[in-house]
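Biologist: Could you walk me through the pockets, the core and a few individual residues of a model, and tell me how to read each feature?

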Amino acid sequence: MIAVKAELPRALTQLSEEEALFQDSVRQFAADRIMPLVRAMDESQVFDSGLLRQLFELGLMGIEIPEEFGGAGGTFFEAILGVEAISAVDPSVGVLVDVQNTLCINALNRWATPAQKRRWLPRLAKDTVGAYALSEAASGSDAFALQTRATRCGDDYVLNGQKLWITNAKEAGLFIVFATVDPAAGYKGITAFVVEKGTPGFALGKKEDKLGIRASSTCELVFTDCVVGSDAVLGEIGKGYKIAIETLNEGRIGIGAQMLGLAQGAWNHAAKWAKQRKQFGKPLAEFQAMQFQLAEMATEIEMARLSVYNAARLKDNGSEFLKEAAMCKYIASQVAEKVASLAVEVFGGSGFVKDYPVEKLYRDAKIGKIYEGTSFMQLATIAKLVLG
Ligand SMILES: Cc1cc2nc3c(=O)[nH]c(=O)nc-3n(C[C@H](O)[C@H](O)[C@H](O)COP(=O)(O)OP(=O)(O)OC[C@H]3O[C@@H](n4cnc5c(N)ncnc54)[C@H](O)[C@@H]3O)c2cc1C
């Protein structure tokens, strides 16, 4: 027998030199530039405009935009590393970067015509925030029951309806909006449009006052006889459902990364606290019960990380990743909620007040089980795939 030495695949958590450099620079940026703003942004529910500028300058708002359009020309995995590193400090900033990269830019990279790419991608790379508008009051989990109407009028389309819960709406200049051109056709009427801020007939409605990720804006969008040209159609008429399904499959990995980062951030705070805080004459970290709690949290974070990285690597190398994406979001959001809750307990009374960061991370964790498909919806997808 001849022994064949096959090249071993790299372990999921072993980063390439480029990935490691990128991760280090984002971590540094988050510690230096985001950390000092976290509490004020949470209290005021306003995203710092200077921070937004810096996110663009660092290339974090156009990670996968090709260099020819002014982007960083990076990979999906790098976007995931970026969202994770930022969310360890502030998941509100994490979701802004996530929606920009994993939903908006992804959709345009994949479905925009060359002319549309030349028109929108340089702006998204430079200074324009994107938002992704699918949900409505009556259509959340059942997203394709949406009622926003797009009526053909000559070469144009006239949009009428309302979107709810739209992340980044306050800061955004470009909105990917899903509407139906034919309600009788069901999901086959759904079409994606790119609508620019300031288009007559398009206005922001109520801004939500939220439990967590409060610096991230979440608003209603109102369309009243809003006219867009046929050059605003993304992909094909009646194929918007495909764009929604496929971008959300990818976006889910981004939310997994947001929740993974959050969990790691909460763990870091808890471990530091446990080493400093003394009771019964010694640091909390010297009690075995505390060590086991922190060890279990670290183990679950590792499980979430493997799951998120695996889904992202599968996506980058062109493999099927639907099941893994649903699983990683499901796992990471569970781990984030549990770890953030335990971190509050590790801090004791200090964990329950706003002077320390874990109180906010605990509030921020809840959204992971809700947006981009609730945990029940992830389980429904997983069940379909594993049971056939
Ligand atoms: C902060 C925030 C930001 C958001 N950002 C965006 C955004 O940028 N763009 C966007 O388009 N949307 C966004 N959303 C909307 C989000 O995706 C929806 O809230 C989510 O999909 C759930 O829909 P829903 O709120 O209508 O809940 P529902 O669909 O009404 O669900 C309520 C409950 O019923 C359960 N349920 C529903 N159907 C079933 C079923 N068949 N079997 C078992 N249980 C079921 C759900 O799991 C959930 O527990 C955001 C929401 C929030 C809160």
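Modeller: Happily; here is a short tour, from the overall fold down to single residues.

Modeller: A few ground rules come with it. This is a predicted model, in which local features need pLDDT of at least 70 and side-chain atom pairs count only at pLDDT 80 or more, while totals for chains, interfaces and linings use all residues. Residues are numbered from 1 along each chain as its sequence is written, and side-chain values use heavy atoms, with hydrogens and water left out.

Biologist: How many helices and strands does the protein chain have?

Modeller: Helices (H or I, at least four residues) and strands (E, at least two) are DSSP runs, numbered from the N terminus. The protein chain here has eleven helices and ten strands.

Biologist: What radius of gyration does the protein chain have, and what would a compact globule have?

Modeller: The radius is taken over C-alpha atoms, and the globule rule is 2.2 Å times the number of residues to the power 0.38. For 388 residues the rule gives a value near 21 Å, and the protein chain, with 21 Å, agrees with it. Along the principal axes, the C-alpha atoms fill a box of roughly 80 × 70 × 40 Å.

Biologist: What share of the contacts in the protein chain joins residues at least 24 apart?

Modeller: A contact means heavy atoms within 4.5 Å. Counting contacts between residues at least 6 apart in sequence, 75% join residues at least 24 apart.

Biologist: And what percentage of the residues is buried?

Modeller: Buried means under 20% relative accessible area, exposed over 50%, and partly exposed in between (1.4 Å probe, protein chains only). In the protein chain, 53% of the 388 residues are buried.

Biologist: Which residues have the most contacts inside the largest nonpolar core?

Modeller: A nonpolar core is a set of buried Ala, Val, Leu, Ile, Met, Phe, Trp, Tyr and Cys residues joined through side-chain atoms within 4.5 Å. The largest one has 120 residues, and Leu55, Tyr132, Phe178, Leu234 and Ile253 have the most contacts inside it. Helix α7 supplies the largest share of this core, 15 residues. Leaving out residues up to four places away in sequence, Leu55 touches Phe29, Phe47, Leu60, Met61, Ile86, Val93, Leu96 and Val97.

Biologist: Now the empty space. What volume does the largest pocket have?

Modeller: On a 1 Å grid over the protein atoms alone, a cavity is a set of points where a 1.4 Å probe fits but cannot get out; a pocket is an open set with protein on both sides within 12 Å along at least five of seven lines, and lining residues have an atom within 4 Å of a point. Grid points are joined across faces, edges and corners, and a volume is the space filled by probe spheres set on the points. The largest pocket holds about 1200 Å³. Its lining has 41 residues, with Gly140, Ile370, Tyr371, Glu372 and Gly373 closest to the centre. Helix α11 gives the largest share of that lining, six residues.

Biologist: How does the lining of the largest pocket divide by class?

Modeller: Ala, Val, Leu, Ile, Met, Phe, Trp, Tyr, Cys and Pro count as nonpolar, Asp, Glu, Lys and Arg as charged, and the others, Gly among them, as polar. The largest pocket has 21 nonpolar, eleven polar and nine charged lining residues. The second largest pocket, of about 520 Å³, has ten nonpolar, five polar and ten charged. Met35, Ala88, Val89, His269 and Pro357 lie nearest the centre of the second largest pocket, and α7 gives the largest share of its lining, five residues.

Biologist: Which residues line the largest cavity?

Modeller: Cys104, Leu108, Leu124, Gly130, Ala131, Leu174, Phe175 and Ile176 do, around a volume of about 30 Å³. Strand β4 contributes the most, three residues.

Biologist: Let's finish with single residues. Is Arg363 buried or exposed?

Modeller: Arg363, in helix α10, is buried, because its relative accessible area is 13%. By contrast, Asn317, in the loop between α8 and α9, is exposed at 54%.

Biologist: Where does Asn168 lie, and what is its phi?

Modeller: Asn168 lies in the loop between β3 and β4. Its phi is near 75 degrees, a positive value in a residue other than glycine, and Asn168 is buried at 1% relative accessible area.
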